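Please look over the sequence and the model shown here before reading on. The report that follows goes from the whole chain to single residues.

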Amino acid sequence: MDVFACPCGGRRAIVADISDRNVVVAILAHLGLPTEAPPMARARSPAFELA
Ligand SMILES: [Zn+2]
């Protein structure tokens, strides 16, 4: 998969690399998005879906 390929046929370019946790949290909070990962769900057997 070429992540730089654009549907318009052009090439995408990296404009920013946001890896600082505090910066990421600030941006997400500003956008009203969750800043913490959702809790892990318990594993369930396939039979659970049929119940
Ligand atoms: Zn494009």
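What percentage of the 51 residues in the protein do buried residues make up? In this predicted model, buried residues account for 0% of the 51 residues. The accessible surface of the protein comes to about 5,100 Å², and carbon and sulfur atoms hold 64% of that surface.

**Overall form**

The protein has 2 helices and 0 strands. Its radius of gyration is 19 Å, well over the 10 Å that the globule rule gives for 51 residues, so the protein is more spread out than a compact globule. Taken along the principal axes, the box that the C-alpha atoms fill is roughly 50 × 30 × 15 Å. The protein carries 5 positive and 5 negative charges, and the mean positions of these two sets are 6 Å apart.

**The zinc ion**

Which residues are the protein donors of the zinc ion? They are Cys 6 and Cys 8, each through its SG atom, and these donors lie 2.0 to 2.1 Å from the ion. With a relative accessibility of 26%, Cys 6 counts as partly exposed, because the partly exposed class runs between the 20% and 50% cut-offs. Cys 8, by contrast, counts as exposed, because its relative accessibility of 67% is over 50%. A search of the whole structure for disulfides finds 0 of them.

**Residues along the chain**

Pro 7 is found in the segment before α1, and its relative accessibility of 75% makes it count as exposed. Ser 19 also has its place in the segment before α1, the helix that spans 21-30, and Ser 19 is exposed as well, with a relative accessible area of 61%. Met 40 belongs to the loop between α1 and α2, where α2 covers 46-50, and this residue is exposed with a relative accessible area of 82%.

How far apart are the C-alpha atoms of some residue pairs that involve these three residues? The table sets the separation along the chain beside the separation in space for each pair.

| Pair | Apart along the chain | C-alpha to C-alpha |
|---|---|---|
| Ser 19 and Met 40 | 21 residues | 23 Å |
| Met 40 and Ala 13 | 27 residues | 34 Å |
| Pro 7 and Ala 37 | 30 residues | 30 Å |

Read with the places given above, the row for Ser 19 and Met 40 joins a residue in the segment before α1 to one in the loop between α1 and α2, with 23 Å separating their C-alpha atoms. Met 40 appears again in the row with Ala 13, where the distance in space is 34 Å.

Note on methods: Residues numbered from 1 in each chain as written. Predicted model: local features only at pLDDT ≥ 70, side-chain atom pairs only at ≥ 80, totals over all residues. Heavy atoms only, no water. Donors = N, O, S within 2.8 Å, 3.2 Å for Na, K, Ca; no water. Buried < 20%, exposed > 50% of the residue type's maximum accessible area, 1.4 Å probe, protein only. Disulfide = S-S within 2.5 Å. Helix = DSSP H or I, 4+ residues; strand = E, 2+ residues; numbered from the N terminus. Rg over C-alpha atoms; globule rule 2.2 N^0.38 Å. Areas by Shrake-Rupley, 256 points an atom, 1.4 Å probe, with all protein chains shown as cover. Lys, Arg positive; Asp, Glu negative; His and termini not counted. Charge placed at Lys NZ, Arg CZ, Asp CG, Glu CD.
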